[in-house]
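Morning, everyone. I'll walk you through a structure that is new to most of you. Please have the viewer open.

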Amino acid sequence: MRQDIGDGRGDGMRDKPTGDAALLLLADSRLPAGGHAHSGGAEEAVRLGTITGPEDLARFLRGRLATAGLVTAALAAAACELATATADHPAGPYGQADGDGNPPDAGTGAGTGADPAHPWRRLDAEADARTASPAQREASRVQGRLLLRTARRIWPSTVLDTLARAVPEGAHHPIALGAAAASAGCDPYQAAMAAAYISVTGPATAAVRLLGLDPVTVHRLLADLAPALNDAAHAACASLIDDVVPNGPAQNGAIQNGATHDGIAQNSAIQNGAPANGAAAKARGSGWPALPGHTAPALDLLAEGHLNNPMKLFVS
Amino acid sequence: MTTPPSSPAASRASVTARAVITTEAAGGRTRLETLRSDPPLTLRQTGPGLVHLVSTGAGPLGGDRLELVIDVGPGTDLEVRSVASTLVLPGSSPGDSVMMVDARVGAGASLRFSPEPTVLAAGCSHRMAVRLSLAEDATVLWREEIVFGRHGERPGRCRTRFDATVAGWPLLRQELLIGDPAVDASPAVYGDARCVGSTLIAGPAWDAERDQKGERRATIGDGWATLPLAGPGVLASALAQDTVELRARLERAESMADVYATSWQEKTELAVPQRTPAVDAGP
């Protein structure tokens, strides 16, 4: 099994029965990838007094999940899907995907011989465009770099090597997470779930330590978020399915892909579907621009304020 | 696209309207090549390269579908403002009100888009989408201010999507949800603010080449931040209790964009390491 995954060329990774266990390993806070050092804005919110107890924390987590959590879930799902497709076809059709314009170095070649690093740079740029705060970009890249380094030792694959080469400064965390998830044997839905889960468990644990909250009370808050976590992972995958619809929502995200955020999206195609054939894969890459971009202005302010605070326990 | 009135909130039937502004260079000056509009979305030229949006009718109301197309031709300069804030209301139609803006800014051209705030009245259900496509050396200032309800009022629902690209490469993609129980009053999203605003300032002066570690630091103040993007631009962002405070904070954050442009320019010319502005502790 390890060899199958290791060479990154096994067909239909998502059919392997390892997905569930791999998901647990990937989302476990004990995964040695440095995630415990980040509070996702919670430390600064505690310092400023906007989180003082479980009620504030619950609202903080719910808002974080609906914004940054959803965005990272969608990016992780897209990265997992890309990793799975390119593991099957290392020089696949992603190299020529065109986005909503004409990236300067896109459109060269007819698929064969295209640089496999190029689609990773494009997807990483989509993460950049959804992260206005430089402090958050830096925190995301630091975590992505550490995760990728760890994942390449635990679940070695050519896809992870390609990603490391494509983004030498460190891929954004959700991109690294999605690629690691694919190499571990997870499908895009599981990658999205891991991203959504991590987006709230990190800040929750940080708040326990910073405020001395009762850990059971805080875990109750996380349990209350379970349906919202499911919704976020479903919505993240629905945004990928929209991508494969020709002339889909790529034109005007907010106007046309209303179903994306309604929670009860159909994700069967992602969970059951075979890796895309050529035509669908092309369309899917071109749909990345329309992935969710929910922003949280307060998190931006918190991240930048945190950077300027010399007295801190967490990196971000 | 009319709908029979079924609710007392309706003051008129829903409409579909489209307005277009295009510019072209004529003898080194900007000429408005096209200025076409439909009520309630009316455009008036108020100066050289200056156009005002004039609301000639209530709304947008539920069911309305308004579209604004702006095409700033190569080498031309355009400024778009509005005479008053936009009040989004529920309408007779059960559908959302929709406002779409599609703007292209050509090579060497500049666009300044700074309308008055959009106010989300109680019960409204509104969607806004902006697609801003910039040529590589185009310059833009794009301001968006949203007010969560009239005085003492809880806002209706609103979703916005903003997509800016430079030569096809993504620069900024942002969505805002307002009136959603998951994000309302979340300390992670708006906190206790009643207004949110952001201004994208982009162009070659904020080139991404200088996004070196530690050099593209943000500047923050009370309720505002100036955020250097990964690409050639900065985002001024603000939260506030009212529109006056919002505009003051946003303008403060916008003014930092010039400081960045100057300081990065010097850095490139002198190749001397120098820190970008630190925290502004002022109000």
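Let's begin on chain B. Strand 9, residues 110–113, and strand 12 run parallel, and 4 bridges join them. To see one pair, go to B:Leu111. It stands opposite B:Val140 in strand 12 of chain B.

A word on what you are looking at. This is a predicted model. It scores ipTM 0.89 and pTM 0.85. Chain B averages a pLDDT of 88, and 87% of its residues score at least 70. Two stretches need care. Over residues 1–9 of chain B the pLDDT is below 50, and that stretch has 15 contacts in the model beyond near neighbours in sequence. Over residues 271–283 of chain B the pLDDT is also below 50, with 29 contacts beyond near neighbours in sequence. Where pLDDT is low, predicted coordinates should not be read in detail.

Now, the two chains. What is chain A built from? It has 15 helices and 0 strands. Chain B has 1 helix and 18 strands. Buried residues make up 62% of the 316 residues in chain A. In chain B, buried residues make up 55% of the 283 residues. Next, contacts with a separation of 6 or more. In chain A, residues 24 or more positions apart account for 82% of them. In chain B, the share is 72%.

One stop in chain A. Find A:Asp187. It sits in the loop between helix 8, residues 173–184, and helix 9, residues 188–211, of chain A. Is A:Asp187 buried or exposed? The relative accessible area of A:Asp187 is 8%, under the 20% cut-off, so A:Asp187 counts as buried. Now look across to A:Leu23. The two residues are 164 apart along the chain, yet their C-alpha atoms are separated by 9.3 Å.

Back to chain B and strand 12. We have met its pairing with strand 9. Which other strands pair with it? Strand 10, residues 118–120, runs parallel to strand 12 of chain B, with 2 bridges. There, B:Thr118 has B:Ile146 as its bridge partner. Strand 15, residues 195–202 of chain B, pairs with strand 12 in the antiparallel sense, over 8 bridges. B:Ile146 turns up again here: its bridge partner in strand 15 is B:Val196. Strand 12 covers residues 139–147 of chain B, and 8 of its 9 residues are buried, so the rest of the structure largely encloses it.

Next, a sheet in chain B. Its 7 strands form an open sheet with mixed pairing, in the order 2-1-5-8-11-13-14. At the edges stand strand 2, residues 29–36, and strand 14, residues 169–178, of chain B; each has a single partner strand, so one side of each is left without a neighbour in the sheet. From one strand to the next, the twist averages 10 degrees.

Let's step through one end of that sheet. Strand 11, residues 125–134, and strand 13, residues 157–166, of chain B pair in the parallel sense over 10 bridges. B:Arg127 has B:Arg159 as its bridge partner in strand 13. Strand 13 and strand 14 of chain B run antiparallel, joined by 9 bridges. B:Ala164 pairs with B:Leu172 in strand 14. Strands 13 and 14 of chain B form a hairpin, with 2 residues between them. In that turn, B:Ala167 has a positive phi of about 50 degrees. Strand 14 of chain B is at the edge of the sheet, yet it is mostly covered, with 9 of its 10 residues buried.

Last topic: the cavities. How many of 30 Å³ or more are there? The count comes to 5. The largest cavity holds about 110 Å³ of space. Both chains line it: among the lining residues are A:Thr295, A:Pro297 and A:Asp300, along with B:Glu144, B:Gln174 and B:Leu235. The pair we met earlier, B:Ile146 and B:Val196, is in the lining too. Which elements each supply at least two residues of the lining? Helix 15 of chain A, residues 297–308, is one of them, together with strands 12, 14, 15 and 18 of chain B. The largest share, 3 residues, comes from strand 15 of chain B.

That's the tour. Questions, please.

Methods: Residues are numbered from 1 along each chain as its sequence is written. Chains are lettered from A and ligands numbered from 1 in the order in which they are written. This is a predicted model: local features need pLDDT of at least 70, side-chain atom pairs count only at pLDDT 80 or more; totals for chains, interfaces and linings use all residues. Side-chain values use heavy atoms; hydrogens and water are left out. Buried means under 20% relative accessible area, exposed over 50%, partly exposed in between (1.4 Å probe, protein chains only). Two strands pair if DSSP finds at least two bridges between them. pLDDT is the predictor's confidence in each residue, from 0 to 100. Contact means heavy atoms within 4.5 Å. Axes are lines fitted to C-alpha atoms, for helices over the stretch in contact, and angles run from 0 to 180 degrees between N-to-C directions. On a 1 Å grid over the protein atoms alone, a cavity is a set of points where a 1.4 Å probe fits but cannot get out, and a pocket is an open set with protein on both sides within 12 Å along at least five of seven lines; lining residues have an atom within 4 Å of a point. Grid points are joined across faces, edges and corners, and a volume is the space filled by probe spheres set on the points.
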